[in-house]
Amino acid sequence: MKRHVGLWCAAPVLAVLAQAATAAVTIDSLLDEMVDLKRLAQLPDPAYVTKQFSSYDPASKTFSDYQGWYANGDAGQFLRRENKDGRTEFVMMDINGPGAIVRIWSANPAGVLRIYLDGNAAPAIEAPMNQLLGGQFANLTRPIAGEYSRGWNLYFPIPYARHCKVTSDQGRFYYHVNYRTYAEGTAVKTFEPGDLQRLSSKIEETARRLDSPREGAAPPADRKKTPFQADLAPGAEAVLAELNGSLAICGLLTHLAAEDLAAAARGVVLKIAFDGEQTVEAPIGDFYGTAPGLTPYASLPLGITEPAEGKPQDLWCHWYMPFSKTARVAVKNFTDKNVKIDGAVATVPYEWNDRSLLFHAKWRIERNVPSRPFSDWQHLMANGAGRFVGGHLHIINNVKDWWGEGDEKIYVDGETFPSHFGTGTEDYYGYAWCSPERFVHAYHNQPRCDGPGNYGNTSVNRWHIVDDIPFTRCFRFDIENWQWNLQGRNTRAAISYWYARPKSTDFFGPIIASDVRYDPVPEYPVFRVKGAIEGEQMRVLSKTGGKTEVQKGVAEWSEDGQLWWTQAKPGDKLELALRATEAGRKRVVARFTKAVDYGIVQLYVNGKKAGEPIDFYNNGVIPSPEIDLGEFDLQQGRNVLTVEITGTNPNSKGDRHMFGLDYVLLK
């Protein structure tokens with residue numbers, strides 16, 4: 001187990017917030033911030049702190065309580081319930097201002113979401129939660145809001161002068177609400193419903209820039225470009241650019257050419273020193289936000305273009321990196337092959353001041369981390385004043401079961417309990433349900449998930465642009481290493497991006513050759529049951545409620561999939577076509593899935609009960625053993641397997657009535 005390391009700050013302190021600026025915080029100014037990378041390179045003015053409400057399991061109270069600290073009942077947890085106008089409302093957030101909501105996420109949005117501002121009895125926003133977070137409310141369309149790989153995100157900022165309360169009239173869902181609290185006395189103009197129409201053009205323009213992020217945050221046209229080119233022999237180091245003056249790097253374009261691009265992307269290390277401090281050290285591929293290799297994607301600060309015949313892929317960076325005197329950009333080749341690198345550094349004049357920050361990006365790796373005991377794997381520990389702006393995580397998983405049940409825990413300025421406590425790794429990165437589906441967004445991405453399921457290489461990133469996290473003394477970011485499979489082991493490689501004042505410190509050591517060894521992943525052998533009627537291939541004849549879909553790669557399922565029924569309730573029925581190649585009396589045997597949010601079901605074959613109700617609850621996702629449902633007279637061709645939800649285990653959590661069918665055998 002990785003040793004738990006104490007907080008970087010010696011003792012908890014209250015953040016000292018600077019005097020508020022004279023300009024008021026408004027919807028207009030916050031929309032500008034959504035696509036402004038330059039502002040991150042200075043301490044915020046007006047000052048603010050960024051925190052999170054979430055549905056994390058409240059059994060997590062202290063690290064000394066091992067079981068409680070890693071508790072996993074992360075759905076349906078709220079501040080309280082309230083009765084209003086004859087309905088029950090579940091309170092997700094209740095905070096005094098001045099402040100602003102900067103992100104809302106859910107894995108399974110439910111009910112009507114209501115956002116009450118400044119103590120008003122009527123909500124400023126009232127909408128079905130899945131519509132508001134799904135990009136179907138007013139003009140808050142994709143990518144400001146939308147569902148990505150089964151995660152629902154709203155990035156529209158909602159300011160308030162005095163108070164904010166967020167509720168839903170349904171419970172039992174997962175959620176995050178990220179928000180800022182400004183220094184007392186900061187002028188904030190509270191959101192009004194009419195702002196959506198008043199700012200329709202600006203909202204549309206913001207969405208357009210986020211939808212084309214390379215162009216949406218492009219450096220200014222009058223930037224100065226300093227080209228570079230180097231042929232790197234094994235072990236060689238080269239200086240790509242040496243810059244002098246008070247400047248800011250506003251663009252870094254790179255091309256790689258090598259016999260093995262994946263090995264070069266991991267084995268060539270980028271090093272940047274600003275004003276004599278080396279604040280960037282990372283494998284060059286990881287620096288651009290994905291690994292291994294050069295997987296194409298595009299986000300606001302970083303991206304990689306699609307490969308094209310006869311043309312190298314662009315690796316582009318738009319992070320804004322100011323310095324007062326000098327900058328030195330260098331690379332070192334740790335591979336055993338020659339690598340060619342070329343590109344350009346773009347700069348603009350910059351006026352350094354006492355709020356200016358140096359850009360940091362550093363990387364660490366740990367191989368073969370066991371699944372037990374649980375641990376808090378540290379992405380970043382830093383000392384000083386600055387802002388956290390994001391990170392990229394590369395996982396190499398030796399099983400296809402889910403590796404990322406672990407919650408993020410973010411401590412700011414010596415907090416003894418994290419002010420961000422999440423509900424799962426994929427939730428932090430803006431998707432959900434351990435989905436292997438690739439997605440691309442200006443702020444968060446899963447450029448790569450090889451599979452089957454979650455086996456092999458997975459690459460995810462998230463950029464805190466409008467939801468950046470300022471700190472005045474120190475900052476710590478952990479994610480729990482919490483995977484389902486007891487035999488699971490994974491390699492974790494992470495790069496963190498942050499800004500800090502000069503002479504700040506961090507916990508990273510220098511990268512050595514063994515760190516950046518490239519590890520190819522063997523192909524996964526797919527498990528198949530001979531003669532099985534695969535659940536995910538069975539035709540849905542009817543259902544009285546809920547949603548059915550094919551789920552891949554979560555458990556050791558035959559053909560790597562199951563038929564998944566979610567959002568149902570007791571009394572709902574699902575009818576599936578069960579095809580027999582010949583008529584006759586057959587013994588029906590089936591394998592299902594058991595998990596913490598699965599229900600109790602009664603099965604029927606051609607209308608006849610197949611045994612007693614079966615409880616599919618389990619604390620963790622596992623396939624059930626093969627279950628003998630009994631003998632039945634089947635006709636040739638279509639028969640009917642009926643699934644009826646009858647209840648759920650009292651220990652179940654989340655949706656609580658899910659059902660999963662792996663396969664059926666007719667014997």
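Hi everyone, let me start with the rings: Phe287, Tyr288, Trp319, Phe359, Trp463, Tyr497 and Tyr499 form one aromatic cluster. Keep in mind as we go that this is a predicted model.

How many aromatic pairs does a search of the whole structure find? It finds 45. One of them sits inside the cluster I just listed: Phe287 and Tyr288. Their ring centres are 5.2 Å apart and the planes meet at 85°, so this pair is edge-to-face. Phe287 and Tyr288 are both buried.

Now for a pair with another geometry. The rings of Phe388 and Phe475 have centres 4.8 Å apart, with planes at 20°, so they count as stacked. This pair links distant parts of the chain, 87 residues apart: Phe388 belongs to strand β25 (residues 386-397), and Phe475 to strand β31 (residues 474-481). Are these two rings on buried or exposed residues? Phe388 is buried, at a relative accessible area of 1%, and Phe475 is buried too, at 1% relative accessibility.

Staying with rings for a moment, there are charges to point out as well. The charged end of Arg180 sits over the ring of Tyr48, 4.1 Å from the ring centre. Lys165 lies over the face of Tyr116, and there the distance to the ring centre is 5.2 Å.

Next, please find strand β14 on your screens, residues 247-258. This strand is mostly covered, with nine of its 12 residues buried. Which strands does β14 bridge to? With strand β22 (residues 339-349), β14 shares 11 bridges, and the two run antiparallel. Thr254 stands opposite Gly343 there. Strand β19 (residues 315-317) is also antiparallel to β14, through three bridges, and in β19 the partner of Thr254 is Leu315. So Thr254 has a bridge partner in β22 and another in β19. Strand β20 (residues 321-323) is joined to β14 by three bridges, again antiparallel, and Ile249 faces Met321 in that strand.

Right beside Ile249 in the numbering comes Cys250, which brings me to the cysteines. Cys250 is buried, with a relative accessible area of 4%. Why does Cys250 not form a disulfide? The closest cysteine sulfur, in Cys317, is 9.9 Å from the sulfur of Cys250, too far for a bond, because the cut-off is 2.5 Å. Cys164 is buried as well, at 0% relative accessible area. For the model as a whole, the disulfide count comes to zero.

That's my tour, thanks for listening!

Technical notes: Residues numbered from 1 in each chain as written. Predicted model: local features only at pLDDT ≥ 70, side-chain atom pairs only at ≥ 80, totals over all residues. Heavy atoms only, no water. Buried < 20%, exposed > 50% of the residue type's maximum accessible area, 1.4 Å probe, protein only. Phe/Tyr/Trp six-rings, centres within 6.5 Å; stacked < 30°, edge-to-face > 60°. Helix = DSSP H or I, 4+ residues; strand = E, 2+ residues; numbered from the N terminus. Lys NZ or Arg CZ within 6 Å of the ring centre and 35° of its normal. Pairing = 2+ DSSP bridges.
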